[in-house]
Number of protein chains: 2
Amino acid sequence: MLTQQRKAHILAVLKQTGQVVAKSLSEQLDLSEDTIRRDLRELAAEGLLQRVHGGALPASPALADFSGRQAIATDGKKAIGRAAAAMIRPGQVVFVDGGTTTVQLVRHLPPELEATIITHSPSIAVELVSHPRITVELIGGRLFKHSVVAVGASAIEAIARYRADIYFMGVTGIHPETGLTTGDSEEAAVKRALSRHAAETIVLASSEKLGAASPYVILPMNEIQGLIVERGTRDETMAAYPAAGVSVTVA
Amino acid sequence: MLTQQRKAHILAVLKQTGQVVAKSLSEQLDLSEDTIRRDLRELAAEGLLQRVHGGALPASPALADFSGRQAIATDGKKAIGRAAAAMIRPGQVVFVDGGTTTVQLVRHLPPELEATIITHSPSIAVELVSHPRITVELIGGRLFKHSVVAVGASAIEAIARYRADIYFMGVTGIHPETGLTTGDSEEAAVKRALSRHAAETIVLASSEKLGAASPYVILPMNEIQGLIVERGTRDETMAAYPAAGVSVTVA
DNA sequence: CTTGACTCTGCACGAAGTTGCACGTTTTAT
DNA sequence: ATAAAACGTGCAACTTCGTGCAGAGTCAAG
């Protein structure tokens, strides 16, 4: 077995089970624990996992659990959420992604607004329970725990049954050449499906996303209709995508 | 179980319930109390929680409202949840209803349990994000806000694609003649669909449900396999359904 | 074909981390 | 006041870790 194959296997197991144990990996792959430990050390150096005594844990989500990622709703995200909410007209059908920014969107929906929100994020669904007029459609599928959204074939099938006026997309990275990116291939597939079934796709991009790129490309920049960014980041954004035909809103 | 995972679990429990008790943690994780105490001490040193005699509390008082909400969950419901969680064998596929009692079920799932949980409740799905080993399948559909569950034709279609070993059902009423009831016809239809696609249906019934009846009948008593009730309510229950062929568990 | 540089792997060994128990102390409840 | 529970510390057994080293395999230059 090749080293790269072995490392890929370790990452696959880690992704699927949320942990790897050095000893059991060595038995499973019929290698000494030393070799496994070396692999783990190198993968940790690449930032692909987090080394712990006895094995390893995923690089990001474990830490996210610790620090309480949710708590960090910046003013910028709130402003973006408010601006996005204001774009929704009464009676419209709206796709909403999961994520900290989109949570701000639904929190800023005016109570008198009557609309249908379709989402593959259980968190967004729960958030909308307290809204008196919004009808919520939940898209099912396998739960991708890192982002807390439904993914997979059944999610994409369910999306195909809907047609929305607007899709508010959250991304991990937005880069002038690479386009819109995210950290998981299945999540990217779901976002593409949502975009395909919406008349208009609007990307919500808090400042830390601008100029960043993650492994999986969702769409190139020219396939979206709008972009909402925080005040103060406009110049940067306009400079990056001058001819894209994407309307930029400053929140 | 890895040390870091254990600590993450402690913090997750703390976040959910607003408190942790050293003794119960040691039982739940099958470790000596000494080890738990060591973990708590170290987490306290990192400022992630506040050490108190007998266990620990959240570091910041910001989570105080969490513990307040938790208080609504009676000891009875917790006991029922614990008993239900203990019925799940590794590798099983489990349907879980929405509701305050079933939330207790998923909170008492041991962290080492590997299983698949399928639910039409976004709250249950979100709750399970912090569990390291459970695979979650979310059933989509129109959100019935009163109970915070997906209902409707698409939900029932999605359910038809699954087959579970156990279905843990929550109900509004349980009456010797009327059977199992709930307050909404669509919710009843979904519960029937879940029951149809599970090998075994177990009803979680906190004391206030016994003898009560709501407008919509889900199933007659003889179509379920098990009933979990609180300690102290057994005589009443046994008297009400003596010949039903339903196994009654006292939590 | 041979040689030398390089990489990968497993083993050995000392260091470090982890865990449960024993024991004496502190806190809590009755 | 007394008993029970929870606590901290020290300790021994055990596991896991990192490093140095040697043997095996690979590859390209000579």
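A polar contact here is a pair of N or O atoms within 3.5 Å; within protein, one must be able to donate a hydrogen and the other to accept it, and residues adjacent in sequence count only if both atoms are side-chain atoms. Keep that in mind and select A:R51: a polar atom of its side chain sits 2.4 Å from a phosphate oxygen of DNA strand D.

Before you click on, some housekeeping. This is a predicted model, where local features need pLDDT of at least 70 and side-chain atom pairs count only at pLDDT 80 or more, while totals for chains, interfaces and linings use all residues. Residues are numbered from 1 along each chain as its sequence is written, chains are lettered from A and ligands numbered from 1 in the order in which they are written, and side-chain values use heavy atoms, with hydrogens and water left out.

**Stop 1: DNA strand D**

Stay with the strand and pick B:R51, where an N or O atom of the side chain is 2.5 Å from a phosphate oxygen of DNA strand D. Then try A:R41, whose side chain has an N or O atom 3.5 Å from a phosphate oxygen of the strand.

Now show everything around the strand, taking a residue as near if one of its heavy atoms lies within 4 Å. You should get 18 residues, of which A:R37, A:R51, A:G54, B:R51 and B:G54 come nearest. What part of the strand faces the protein? Of the strand's atoms within 4 Å of the protein, 78% belong to sugar or phosphate, and the rest to bases.

Colour those residues by class: nonpolar (Ala, Val, Leu, Ile, Met, Phe, Trp, Tyr, Cys and Pro), charged (Asp, Glu, Lys and Arg) and polar (the others, Gly among them). You'll find three nonpolar, six polar and nine charged.

Switch to cartoon view, where helices (H or I, at least four residues) and strands (E, at least two) are DSSP runs numbered from the N terminus. In chain A, α2 (22-29), α3 (33-45) and β2 (49-52) each supply at least two residues of this surface, as do α3 (33-45) and β2 (49-52) of chain B.

**Stop 2: two helices in chain A**

Select α2(A) and α3(A). Which residues meet here? A:A22, A:K23, A:L25, A:S26 and A:L29 of α2(A) meet A:E33, A:I36 and A:L40 of α3(A), contact meaning heavy atoms within 4.5 Å. By class, that makes five nonpolar, one polar and two charged residues.

**Stop 3: two unusual phi angles**

Go to A:V148, in the loop between β7 (141-144) and β8 (149-151) of chain A. A:V148 has a positive phi of about 55°, although it is not a glycine. Buried or exposed? At 15% relative accessibility, A:V148 is buried; buried means under 20% relative accessible area, exposed over 50% and partly exposed in between (1.4 Å probe, protein chains only).

Next, jump to B:D30, in the loop between α2 (22-29) and α3 of chain B. Phi of B:D30 is near 55°, and this residue is not a glycine either. B:D30 is exposed, with a relative accessible area of 66%.

**Stop 4: a buried serine**

Finish at B:S121, in the loop between β5 (116-119) and α7 (122-127) of chain B. B:S121 is buried, at 2% relative accessible area. Show its neighbours: not counting residues up to four places away in sequence, B:S121 touches B:D97, B:G98, B:L138, B:V148 and B:V149. Then find the backbone nitrogen of B:I124, which lies 3.1 Å from a polar atom in the side chain of B:S121.
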